[in-house]
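Let's take a walk through a protein model together. Keep the sequence and the 3D view open as you read.

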Amino acid sequence: AASWRLDVVLRAIPEATLRRRAGASAITLPATFRRDSATVKSTSYFAAVVGLRHARRAGGEEGLFREPDGSYLEGTSTALVCWNDGKPVFSAGPTLPSVTRTAFLGSQNDRRALTRSLVRSGSLLLGSLTIATPIVRLDGEECRVPEGLARAATEFNDRLANDPSLGTNL
């Protein structure tokens, strides 16, 4: 216990993150951009920082990591959930644990390869600061935002703001 330490930093949510909440423009990252530890959260943020910088230079608000086969995994700072004709799914590949994704999905744990067409047919970015945000463009191409997906995102964000069991008011 004598070696425990808690550091707390309080700052405003970045403007770019707040803008992303209205609908995100995502950029596919080069396949060579990989996390050091794909399934374990660590203090190594190199791939996420480089990926987000790459996405912003390309005109996006979030970069999406991929598997070597081209299927999508997750964002640099967000989980990725695809709508899959009304049934939310997330990547079968290696992804970081996500509290926000788990809160959104509840007991659903359906995983599959997230193809480009699946992402473009309706998907969400989920994160503690981003909350639930539809992807409206992928690499500059418009994406669908099905009514059910938009409704699910709005309801989830309302729950995040009002349900004490999910955290504090954002």
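Before we start, one bit of vocabulary: helices and strands here are DSSP runs, with at least four residues for a helix and at least two for a strand, numbered from the N terminus. And keep in mind that this is a predicted model.

With that in hand, here's a place to begin: Thr17 sits in helix 1, which covers residues 15-20. Is Thr17 buried or exposed? Buried means under 20% relative accessible area, and Thr17 has a relative accessible area of 7%, so it counts as buried. If you skip its neighbours within four places in sequence, Thr17 is in contact with Leu129 and Thr130.

**The whole chain**

Now zoom out. The protein chain has five helices and nine strands. Reading from the N terminus, the order is α-β-α-β-β-β-β-α-β-α-β-β-β-α. The C-alpha trace spans about 50 × 35 × 30 Å along its principal axes. For 170 residues, a compact globule would have a radius of gyration near 15 Å, and the protein chain agrees with that at 16 Å. Buried residues make up 44% of the 170 residues. Here's another way to look at the fold: take the contacts with a separation of 6 or more, and 58% of them are between residues 24 or more positions apart.

**Strands 1 and 2**

Next, find strand 1, residues 24-28. Five of its five residues are buried, which leaves this strand mostly covered. Ala24, Ala26 and Thr28 point one way, Ser25 and Ile27 point the other way, and all are buried.

Strand 2, residues 62-66, is a similar story to follow. Why is strand 2 described as largely enclosed by the rest of the structure? Because five of its five residues are buried. Both of its faces are covered, with Glu62, Leu64 and Arg66 on one side and Gly63 and Phe65 on the other.

Who pairs with whom? The table lists the strand pairings, with one facing pair of residues for each.

| Strands | Sense | Bridges | Example pair |
|---|---|---|---|
| Strand 1 and strand 8 (residues 131-138) | parallel | three bridges | Ala24 and Ile135 |
| Strand 1 and strand 2 (residues 62-66) | parallel | three bridges | Ile27 and Gly63 |
| Strand 2 and strand 3 (residues 72-75) | antiparallel | three bridges | Phe65 and Glu74 |

There's one more pair to spot in strand 2, where Leu64 is the bridge partner of Thr28. Strand 2 and strand 3 also form a hairpin with five residues between the strands, and Gly70 there takes a positive phi near 100 degrees.

**Helix 5**

Now turn to helix 5, residues 147-162. With 16 residues, helix 5 reaches 22 Å from its first C-alpha to its last, close to the 22 Å expected at 1.5 Å a residue. Which of its residues are buried? They are Gly148, Leu149, Ala152, Ala153, Phe156, Asn157 and Leu160. These residues cover an arc of only 165 degrees around the axis, which puts them on the same side of helix 5. There's a handy rule behind this kind of pattern: an α-helix has 3.6 residues a turn, so residues three or four places apart point the same way. Glu147 and Asn162 are exposed, on the face turned away from the buried side. As for what covers the buried residues of helix 5, look for helix 3 (99-105), strand 7 (123-127) and strand 8 among others.

**Two nonpolar cores**

Finally, look inside. The largest nonpolar core has 15 residues, and the ones that touch the most other members are Val81, Phe104, Leu105, Leu124, Leu126, Ala132 and Phe156. At least two residues each come from strand 4 (79-82), helix 3, strand 7, strand 8 and helix 5. Which element gives the largest share of this core? That's helix 5, with five residues.

Leu105 is a good one to click on. Not counting residues up to four places away in sequence, Leu105 touches Val81, Pro88 and Phe90. There's also a second, separate core of 14 residues, and Ala24, Ala26, Leu114 and Leu138 are among them. You've met Ala24 and Ala26 already, as buried residues that point the same way from strand 1.

Key:
Residues numbered from 1 in each chain as written. Predicted model: local features only at pLDDT ≥ 70, side-chain atom pairs only at ≥ 80, totals over all residues. Heavy atoms only, no water. Buried < 20%, exposed > 50% of the residue type's maximum accessible area, 1.4 Å probe, protein only. Pairing = 2+ DSSP bridges. Expected span 1.5 Å × (residues − 1). Arc of directions from axis to C-beta. Contact = heavy atoms within 4.5 Å. Core = buried A, V, L, I, M, F, W, Y, C linked by side-chain atoms within 4.5 Å. Rg over C-alpha atoms; globule rule 2.2 N^0.38 Å.
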